[in-house]
Each structure stands twice: as structure tokens, then as C-alpha cells.
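Here is the note you asked for, written for someone opening this entry for the first time. It goes through the helices, the sheets, a hairpin, an aromatic pair and two backbone details in turn.

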Amino acid sequence: MDDTRGRTTRDGIRIYEPGDYAGMHKAGALAADILDRVAPMVQPGVTTGELDAAIEAMVDDAGAVSATIGYKGYKHASCISLNHVVCHGIPGEKKIKDGDILNIDVTVIVDGWYGDTSRMYVAGKLSRKAERLIQVTHDALFEGIKAVKPGNTFGDIGHAIQKYVESHRMSVVRDFCGHGLGRVFHAPPNVLHYGRPGTGPMLEEGMFFTIEPMVNLGRPETKVLSDDWTAVTRDKSLSAQFEHSVGVTADGVDIFTLSPAGKYHPTWG
Ligand code: MF3
Ligand code: CO
Ligand code: CO
């Protein structure tokens, strides 16, 4: 496929064409379907490496390509971030315990298009505070998504998320952000999950990007462990994240990574 169509804004943001939404839907639906199908496997006693192996097999069976295997030296088909891990948790030997909460983040490439999505899972019994954190993080993502329409700015998205999270006395992580994507994994702009209304680039039809707020029960600061990937909360407080890949349409937003089974939220079964 020709990869040079469309134009780029002065902020370096690529404007895709009407025919490009279909490719993003196909990639996004596969990523979301994989997150649907891994859900029943998330049980106490299973290792994060076993979940990742299942995800890698699903990517292969679909004839798709994992965007994360080989990305900057990363070796896995998913990131699995437990409890106080904010993002980029590396799957491995660690066994999931009763009461753990975890984010699973999958990015696939289908016909050259990228689908990037993550959601929260619960193993065994969910504590009240973890349930609140997960609900607020989920709803904060949708506050951001509601702000996606031509004429609004990226600052409007960040502001909507920050306002919602802080009104529930939780904090938004500043150290990681969403990103443009499409025919590439990470492109301009940085999609901040905090900000001031009316600031940042203007949203235009044809922009494709992720919104992926990370929310902490405690303070927003993070640190990256010596494996150079795993980001954790500095105060060891619980952290949650949800991510969708979206496109700006003429009058609003098109979500590419909706769950085909309607399972986007852990308590929806
Ligand atoms: N999927 C992550 C994101 O939302 C990126 C993971 S990169 C990896 O942007 F190498 F850590 F997998
Ligand atoms: Co992303
Ligand atoms: Co992701």
C-alpha cells in the first residue's frame, strides 16, 4: 500500500484519509478481541509469562504481527503491569495472586495498520479501593474520548481526564502519554493526560492517536526499574490504565479498539 498519501500538520501530525479508517478498525478489533479472549485465563496461579504466550499465539494465529516484539529490544507480545506497576511490566515467571489487579496492553499490526489497546483485569477478589481506581481510570479515558472532535485541542482531552481523576482525589501520571499511531507505532503528537483547555494542537478529522491514562491512588510520580522497562509508582500505591486507539471524524470520534464482545471493563464479565 502507498504509505505517503495524506498530509502532515505543522505540528508533525499525520492526517489520514477516509479510506484509512477501515484498516485501523481491522487492527484495533484484533487487539481488542485478543484482550477479550485472554480474560478467562486471568486467574490466581497463572504466570504473566503464560498469559503473554497465549497472546503471542493469538497474534500468530490471526496472521498478524506483534508490534512490541523487537520494538526497542522488547521481547514480548504484551506488557502486563500488576498492582503498583504503572506500565511496561515485562511478562515472566511471576504468578498472579488472589486480589491482584493488572493491565494487559497489546499492540498488533494488521496489513501495516497498528491497533494498540489495554485494559484492566482482576484475579480473584477485588478490593473496594482497587475497584474504585479501576472505575475512575476507565471513566477518565471516556471523559477524554468525549473531548475528541474537530476544533477541540489536545489540551482539552488532557484537561477532561485530569479534572475527572483529581475530582476523585486520585492522580494522573505525567511521565507517560498517549501517541499518534496509524502506519507507525509511535508518532506525534504526545497525547498528555493532563493539561489546560484550549492548549496544544487543534484536533482535525483524519488524526489517529491513542488515549491511555494511567491513574494512581497515591502520588503521580513514577520510576523505571533496572530492567529499563518496568515503571512503578514511587510511593508503591496502586495504579491502573485503560487505552483505546481512536480517530477524529468530521463530527466526533471513532474508537478503533472497542471490545467485540463488549467486555471492556473487568466487572462486565
Ligand atoms: N503498547 C504500549 C503503548 O501503549 C507500548 C509498549 S512498548 C513495549 O504505547 F515495548 F513496551 F512493548
Ligand atoms: Co499506546
Ligand atoms: Co498500548
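1. Please keep in mind throughout that this is a predicted model. A good place to begin is the contact of two helices, where Ile-34, Arg-37 and Val-38 in helix 1 meet Leu-51, Ile-55, Met-58 and Val-59 in helix 2. Sorted by character, the residues of this contact comprise 6 nonpolar and 1 charged, with no polar residue among them.

2. The geometry of that contact can be followed along the axes: those of helix 1, residues 21-38, and helix 2, residues 48-61, come within 10 Å and cross at roughly 140°. Since angles over 145 degrees would be needed for a roughly antiparallel pair, helix 1 and helix 2 are therefore described as oblique to each other. The crossing in which helix 1 passes helix 2 is right-handed.

3. Turning to the sheets, one of them is open and has 3 strands in the order 8-12-15, with antiparallel pairing. Strand 8 (171-172) and strand 15 (239-241) stand at its edges, and because each has a single partner strand, one side of each is left without a neighbour in the sheet. Helix 3, which spans residues 128-146, packs on this sheet and touches strand 12 and strand 15, its direction making about 35° with that of strand 15.

4. Within the same sheet, strand 8 pairs with strand 12, residues 214-216, in the antiparallel sense over 2 bridges. To find this pairing in the display, one may look for Ser-171, whose bridge partner in strand 12 is Asn-216.

5. Another open sheet of 3 strands follows the order 5-14-13, and its pairing is antiparallel. Here strand 5 (85-87) and strand 13 (222-224) are the edge strands, each with a single partner strand, so that one side of each lacks a neighbour in the sheet. If direction is ignored, neighbouring strands of this sheet are turned by 40° against each other on average. Strand 5 runs antiparallel to strand 14, residues 231-233, and 2 bridges join them; Val-85 has Val-232 as its bridge partner in strand 14.

6. A hairpin is formed by strand 9 and strand 10, with 6 residues between them. Strand 9 covers residues 178-180 and strand 10 residues 187-191, and the two pair in the antiparallel sense over 3 bridges. His-179 can serve as a landmark, since it stands opposite Asn-190 in strand 10.

7. The loop of this hairpin also takes part in an aromatic contact, and the structure holds 9 aromatic pairs. In the pair of Tyr-114 and Phe-185, the ring centres are 5.7 Å apart and the planes lie at 25°, so the pair is stacked. The pair links distant parts of the chain, 71 residues apart, with Tyr-114 in strand 7 (residues 113-122) and Phe-185 in the loop between strand 9 and strand 10.

8. Two details of the backbone deserve a careful look, given that most residues other than glycine have a negative phi, and most peptide bonds are trans. The peptide bond from Pro-188 to Pro-189 is cis, with omega near 5°, and Pro-189 lies in strand 10. Lys-72, a residue other than glycine, has a positive phi, near 50°, and is found in the loop between strand 3 (65-66) and strand 4 (79-82).

Note on methods. Residues numbered from 1 in each chain as written. Chains lettered and ligands numbered in written order. Predicted model: local features only at pLDDT ≥ 70, side-chain atom pairs only at ≥ 80, totals over all residues. Heavy atoms only, no water. Pairing = 2+ DSSP bridges. Helix = DSSP H or I, 4+ residues; strand = E, 2+ residues; numbered from the N terminus. Axes fitted to C-alpha atoms, helices over the stretch in contact; angles between N-to-C directions. Parallel < 35°, antiparallel > 145°, perpendicular 65-115°, else oblique. Left-handed = near helix turned anticlockwise from the far one by under 90°. Contact = heavy atoms within 4.5 Å. Nonpolar A, V, L, I, M, F, W, Y, C, P; charged D, E, K, R; others polar. Phe/Tyr/Trp six-rings, centres within 6.5 Å; stacked < 30°, edge-to-face > 60°.
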